[in-house]
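Student: Could you give me a close look at how the helices pack in this model? I'd also like to know how the parts of the chain fit together around that packing.

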Amino acid sequence: MERIYNFSAGPAVLPQEVLEQARDEMLNWQGCGMSVMEMSHRGKEFMGIAAQAEADLRELMAIPANYKVLFLQGGASTQFAMVPMNLLRGKKSADYVNTGEWSKKAIKEAKKFGAVNVVASSEDANFSYAPTQDKWKLDSDAAYVHYTPNETIGGVEFNWIPETSGVPLVADMSSNILSRVIDVSKFGLIYAGAQKNIGPAGLTIVIVRDDLIGETIAGTPSMMDYKIHAENESMYNTPPTYGIYMAGLVFRWLKHNGGLVKMEANNVAKAKLLYDCLDASNFYHCPTAKENRSRMNVPFTLKDAALDEAFLKEAKARGLVQLKGHRSVGGMRASIYNAMPIDGVKALVALMNDFEKSHG
Ligand SMILES: *Cc1c(COP(=O)(O)O)cnc(C)c1O
């Protein structure tokens with residue numbers, strides 16, 4: 001069967017080798033006679049799978065020992081509430097940076113639990129850039145500082161880590177986790193839905209410094225309490241077992257393919273191909289500021305929006321799908337996560353060049 005190139009923002013492309021291994025192990029995982037989906041989450045087989053997945057993630061990201069790794073459910077959207085519920089810790093307010101649609105949602109949810117100070121925003125320029133640190137009006141008394149290192153919809157990525165002078169830094173890394181090398185010790189908490197750069201939807205990863213948990217706001221449900229999940233090693237209730245297994249296969253794939261150093265180099269090369277094509281053309285336009293262009297999500301418009309349908313049709317005919325831009329932005333968006341092979345990006349660039357020749 002032919003595989004297509006899937007540029008979806010999420011759920012997104014997974015490495016073919018990982019899907020093949022999952023297929024091979026589907027009915028009978030490593031000789032145990034059952035599928036991972038059928039295993040008790042408290043049995044030794046699954047406990048081993050989960051422990052290995054966590055160990056591999058720790059190794060890949062060099063996560064320090066004083067950080068907990070949690071495998072949760074509810075998506076990044078649930079973290080928009082869990083973060084304030086757990087990290088306000090008696091403080092009055094939290095600082096948020098507003099760089100787009102996902103920041104806005106995080107801010108809206110946090111306001112249900114405390115005061116939110118929007119300390120920097122790029123709304124003035126339609127969220128096309130990331131405000132530099134000198135523009136941030138941080139409050140040294142804030143419970144934490146929240147930002148979105150990669151805005152999946154606007155295609156705006158921070159290429160630097162904010163300095164918050166001891167106030168815990170919280171990052172929604174849903175769409176760029178594992179795409180580059182980062183220093184985890186600079187963060188208080190990192191969260192990510194799995195369905196963009198890790199595995200299937202249904203799994204959410206939280207990496208949290210252990211001194212920040214255990215002081216939830218009154219009335220916090222057990223399922224929303226990081227401490228309870230940490231004490232129970234993410235098995236307080238039934239975790240998303242198959243998602244954890246798939247994430248574990250992806251982590252191993254990353255390790256076998258050079259880890260995050262190699263991934264980052266690949267991602268730089270893939271993004272360069274696409275942005276170079278956009279820059280060389282007057283037919284296509286990329287709305288994001290050059291210094292904040294995302295390596296993961298590349299939005300662009302055609303000179304004439306009336307050509308969008310024809311472009312998408314031609315793309316589909318060549319086996320390139322899910323290129324339609326988010327409804328709030330229009331145009332196109334190519335998501336080129338870790339698992340998108342460079343040949344997929346080359347095929348997209350070839351399409352863009354041919355389409356410009358025939359319609360430009
Ligand atoms: C997709 C996405 C979300 C929402 O994730 P869900 O898992 O659907 O809740 C939040 N933040 C960012 C940056 C995203 O890309």
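Tutor: Happy to: we'll go through the helix pairs one by one, then turn to the domains and two backbone details.

This is a predicted model, where local features need pLDDT of at least 70 and side-chain atom pairs count only at pLDDT 80 or more, while totals for chains, interfaces and linings use all residues. Residues are numbered from 1 along each chain as its sequence is written, and side-chain values use heavy atoms, with hydrogens and water left out.

Let's start with helix 2 (residues 44-61) and helix 6 (residues 241-256), whose axes lie 9 Å apart at an angle of about 40°. Helices here are DSSP runs of H or I with at least four residues, strands are runs of E with at least two, and both are numbered from the N terminus. Axes are lines fitted to C-alpha atoms, for helices over the stretch in contact, and angles run from 0 to 180 degrees between N-to-C directions. That angle makes helix 2 oblique to helix 6, since under 35 degrees counts as roughly parallel, over 145 as roughly antiparallel, 65 to 115 as roughly perpendicular and the rest as oblique. Their crossing is left-handed, meaning that the near helix is turned anticlockwise from the far one by less than a right angle; clockwise would be right-handed. Residues in contact (heavy atoms within 4.5 Å) include Phe-46, Ile-49 and Leu-57 of helix 2, and Ile-244, Tyr-245 and Phe-251 of helix 6. By class, this contact has ten nonpolar, three polar and four charged residues. Ala, Val, Leu, Ile, Met, Phe, Trp, Tyr, Cys and Pro count as nonpolar, Asp, Glu, Lys and Arg as charged, and the others, Gly among them, as polar.

Next come helix 3 (residues 75-87) and helix 4 (residues 101-110), with axes that come within 8 Å and cross at roughly 45°. This makes helix 3 oblique to helix 4, and the crossing is right-handed. Phe-80, Ala-81 and Pro-84 of helix 3 meet a group in helix 4 that includes Trp-102 and Glu-109. Six nonpolar and two charged residues make up this contact, with no polar ones.

The third pair is helix 8 (residues 308-317) with helix 9 (residues 342-359), packed at about 135° with axes 11 Å apart. These two are therefore oblique as well, in a right-handed crossing. Ala-310, Phe-311, Glu-314 and Ala-315 of helix 8 meet Leu-348, Leu-351, Met-352 and Phe-355 of helix 9; seven of these residues are nonpolar and one is charged.

Now the domains, whose bounds come from an automatic or database domain assignment: domain 1 spans 16-256 and domain 2 spans 259-359. Their centres, taken over C-alpha atoms, are 27 Å apart, and 25 residues of domain 1 contact 24 of domain 2. About 2100 Å² is buried between them, 53% of it from carbon and sulfur atoms; buried area is the accessible area (1.4 Å probe) that two parts lose on being put together, summed over both. Ile-153, Glu-157 and Arg-180 supply 24% of what domain 1 buries against domain 2, more than any other three residues.

Finally, the backbone. Most residues other than glycine have a negative phi, and most peptide bonds are trans. Ala-62, in the loop between helix 2 and strand 2 (67-72), has a positive phi near 50°. The peptide bond from Gly-10 to Pro-11 is cis, with omega near -10°, and Pro-11 sits in the loop between strand 1 (5-6) and helix 1 (16-24).
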